[in-house]
Amino acid sequence: MNCVSHIHHGLWRRPDTQQLQYTSLDTWVELAKTLEKAKFDSLFLADVSGVYDTYNGGPETSIREAMQIPVNDPTLLIPAMAHATEHLGFAYTGSILAEHPFNFARRASTLDHLTNGRVAWNVVTSYLPSAAQNLGFHDLPRHDDRYERGDDYLEVLYKLWEGSWEQDAVVRDVERGIYADPNKVHRINHVGPYYQVPGPHLCEPSPQRTPLLFQAGSSDRGREFAARHAECVFILGGGRQEIIADIRTRAAKYGRRPEDIKFFLALSLVIGGTEAQAQAKAAELNETLSIEGGLAHMSGQLGADLGAVDPNRPIGDFDFNGILGFLKSFASRAPDKMTTFGDLARSQMSGHWIVGSAEQIADRLQHFAETGADGFNLVYATTPGTFVDFIDGVAPILKSRGLMQTEYQGGTLREKIFGHAHLAKNHPGAAYRIR
Ligand SMILES: Cc1cc2nc3c(=O)[nH]c(=O)nc-3n(C[C@H](O)[C@H](O)[C@H](O)COP(=O)(O)O)c2cc1C
């Protein structure tokens, strides 16, 4: 995320992380070069369009902790990183509430041109009420309504990216003075429940046309959205096999095959020379985590103020009648009733850490790969430290086992991952192509 503190709050204070240098282009360019040297597929940029202001009824904790604020625009980093690399992909997050699809389409096409087809878009629908209010909505639209809007948004985009300019519309005929053939550039005349867009698209076809599509919804409506649109889906650890099977089953409804969607597991790794060294490192990182930052983050995600809760009190002590229903369900999932809300905030940050020697981590990743994960999204604790530890320790083992690429394939990001430059013919977005 183009910010100081993304997930592991408090760690920005450590001397061995470059989070304070997030405004420097050098930091990002160096990171991109490091990842490309190790043959990562892509660098992923998260984003939000509002402040987390639920905790204690205001944004103060978030601001103090640099908890996803300040946060700069992720897309502006991409051309500089792309210029310094040749193959690395760039997946950026954009909310369908944040920008009108007509402008969004133009920015994505521009990025796809400038990166030579190396961009992916992580489609999100926003969960922060403050984001929705900033963007001209009275309040956050209801969960499922956001996905309905998303369907309309994507339809506008497919029409612009896939259907507006025919593949041979651009002739660049210097002698006849014809850049593009107006008969092959079409208005889209989209009239949907949320958007009306006549078009045409302002950009000529870019290498991928539609950027590679990522998504991360796991609710019922979110899975349906993924089954229809996503080419790559981010998942968290819990229940992953069920989610993967379910989304793949749903995809058939939209004419898609199970293998048309790949699943990427979000992972936080703490890697040491030995298991004991890794455990010591994890304990030290744990010490620097900020519980306040974690509570502010979790409050925003849950949409409820955990500031009203004593972080040191065991959750088993609570009379849940007086507390919102969500807290009850949240608490019921805690394994131990002596767990405190502070523990839960900590576990949001470090509970998913996989701690071990490089060999042990490689074994775990191999296990995940054998049980359904197509790839991983590494969440840093320190940057570039987490990535460097992975590159120096785990990547060589994975490469020796044939589980990680040692050379890049040519072509666009989609080609590298799926073997074809454009949306697959059976993807719903491809239906808008002019035949
Ligand atoms: C790995 C991962 C990364 C995510 N990144 C973002 C992000 O950058 N911005 C955002 O608003 N939501 C992000 N989300 C949240 C999802 O977009 C989505 O809101 C969430 O998974 C809940 O979806 P659901 O309501 O369909 O279950 C991310 C989720 C996951 C699992």
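This is a quick tour of a ligand site and one helix in a predicted model.

Let's start with the ligand. How many residues surround the ligand? The count is 16. The closest are D47, H143, Y147, A216 and S219.

What is that shell made of, by class? We have 8 nonpolar residues, 7 polar and 1 charged. Two elements each supply at least two residues of the shell. One is the strand β3, residues 119-124. The other is the helix α6, residues 143-163.

Now the polar contacts. Take H143, one of the closest residues. An N or O atom in the H143 side chain sits 2.6 Å from a ligand oxygen. T93 also brings its side chain: a polar atom there is 3.5 Å from an oxygen of the ligand. S218 uses its backbone instead, with an N or O atom 3.0 Å from a ligand oxygen. How much of the ligand does the protein bury? On its own, the ligand exposes 620 Å², and 80% of that is buried by the protein.

Next, helix α14. The helix runs from residue 385 to 400, so 16 residues in total. From first C-alpha to last, α14 reaches 22 Å. That is close to the expected 22 Å at 1.5 Å a residue.

Where does α14 kink? Look at V394. The kink there is about 45 degrees, and the proline P396 follows shortly after.

V394 is also buried. Its buried companions in α14 include G393 and A395 on either side, plus F387, F390 and I391. T386, I397 and L398 are buried too.

That's the site and the helix. Happy to take questions.

Conventions. Residues numbered from 1 in each chain as written. Predicted model: local features only at pLDDT ≥ 70, side-chain atom pairs only at ≥ 80, totals over all residues. Heavy atoms only, no water. Near = heavy atom within 4 Å. Polar contact = N/O pair within 3.5 Å; in protein donor to acceptor, adjacent residues only side chain to side chain. Areas by Shrake-Rupley, 256 points an atom, 1.4 Å probe, with all protein chains shown as cover. Helix = DSSP H or I, 4+ residues; strand = E, 2+ residues; numbered from the N terminus. Nonpolar A, V, L, I, M, F, W, Y, C, P; charged D, E, K, R; others polar. Expected span 1.5 Å × (residues − 1). Bend = angle between axes of the 7 residues up to and from the residue. Buried < 20%, exposed > 50% of the residue type's maximum accessible area, 1.4 Å probe, protein only.
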